[in-house]
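The following note sets out numbered remarks on the fold for a colleague's consideration. Comments on the individual points would be welcome.

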Amino acid sequence: MTDTMTPEQRHRCMSHIHSKGTKPELKVRRWLWSHGYRYRLNVRSVPGKPDIVLRTYRTAIFVNGCFWHGHGVRMSECRNALRGECIENSACCKIPNTNREFWITKIRRNQERDQENYRVLQENGWHIIVVWECQLKPDRIEHTMHDVELLLNDNLLSVYRQHTPVPYSTEKESVLPMAAES
Ligand SMILES: [Zn+2]
């Protein structure tokens, strides 16, 4: 049988298998919705197809699973990462010892794709907020979302600043010789 899934579909499929309880993305959506924020999901026209898009805030929110996106694992900087010499297992992303190279390659590729998506978005004037799965545990979610809210407010301010016309200046007029009328 041939595999007809795109890598992305397969990824999503596997994320479903591995996720326990409420999907992290859903937790963020619920919080935002109940606090009056309105958003769109997986907007295709926005580069990287972010999980949550708040157009008014010109903000894309990515809710990343800690394992798949390698939270706290800094391997892309290390040339020896593939040989397993410089891998740091973080508290929330433990790379299995079995098939280690496979997982390292996979997670590193995801990290690189993430960085590329963020870069393209930022170049197009979007603000990025990344929320990690581990930051949405019951004892952390309020604190995390409070931070998200602060970032959103900042982003909204900068959107307004960009669109506010430059105030009318009277400077030039005052330079004109008033005596011209006489
Ligand atoms: Zn994490």
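Two residues are taken to be in contact if their C-beta atoms, placed from the backbone, lie within 7 Å. The coordinates under discussion are those of a predicted model.

1. Overall composition. The protein contains five helices and four strands. Read from the N terminus, the order of elements is α-α-β-β-β-α-β-α-α. Of the 182 residues, 20% are buried. Among contacts between residues at least 6 apart in sequence, 54% join residues at least 24 apart.

2. The sheet. Four strands make up an open sheet, arranged in the order β1-β2-β3-β4 with mixed pairing. Its edges are formed by β1 (40-41) and β4, each of which pairs on one side only. The pairing of β3 with β4 is parallel and extends over six bridges. Within the sheet, Asn-64 is placed opposite Trp-132 of β4.

3. The main core. The largest nonpolar core comprises 16 residues, and those with the most contacts inside it are Val-28, Ile-52, Leu-54, Ala-60, Ile-61, Val-63 and Val-131. At least two residues of this core come from each of β2 (52-54), β3 (59-64) and α4. The greatest contribution is that of β3, with four residues. A second core, separate from this one, has seven residues, including Val-73, Cys-93, Ile-104 and Ile-107.

4. Surroundings of Ile-61. Which residues are in contact with Ile-61, leaving aside its neighbours within four places in sequence? They are Val-28, Pro-50, Asp-51, Ile-52, Ile-129 and Val-131. Of these contacts, Val-28 is one of the buried residues of α2.

5. Helix α2. This helix lies across β2, β3 and β4, and runs at about 140° to β3. Its buried residues are Pro-24, Glu-25, Lys-27 and Val-28. Viewed down the axis of α2, these buried residues fall within an arc of 160°, so they line one face of the helix. The cover over them includes β2, β3, β4 and α4. On the face turned away from the buried side, α2 carries the exposed residues Trp-33 and Ser-34. Just after the helix, Gly-36 adopts a positive phi of about 90°.

6. Helix α4. The 23 residues of α4 should span 33 Å at 1.5 Å a residue, and the end C-alpha atoms are 33 Å apart, which agrees. The buried residues of α4 are Met-145, Val-148 and Leu-152. They pack against α2 (24-34), β2, β3 and β4 (127-132). The packing of α2 and α4 can thus be read from either helix: α4 is among the elements covering the buried residues of α2, and α2 is among those against which the buried residues of α4 pack.

7. Leu-152. Is this residue of helix α4 (residues 141-163) buried or exposed? With 21 other C-beta atoms within 10 Å, Leu-152 is buried, because the cut-off is 20 or more. Apart from neighbours within four places in sequence, Leu-152 is in contact with Leu-54, Tyr-57 and Thr-59. Its C-alpha atom is separated by 9.0 Å from that of Arg-58, although the two residues are 94 residues apart along the chain.

Conventions
Residues numbered from 1 in each chain as written. Predicted model: local features only at pLDDT ≥ 70, side-chain atom pairs only at ≥ 80, totals over all residues. Buried ≥ 20, exposed ≤ 12 C-beta atoms within 10 Å, placed from the backbone. Core = buried A, V, L, I, M, F, W, Y, C linked by C-beta atoms within 7 Å. Expected span 1.5 Å × (residues − 1). Pairing = 2+ DSSP bridges. Axes fitted to C-alpha atoms, helices over the stretch in contact; angles between N-to-C directions. Arc of directions from axis to C-beta.
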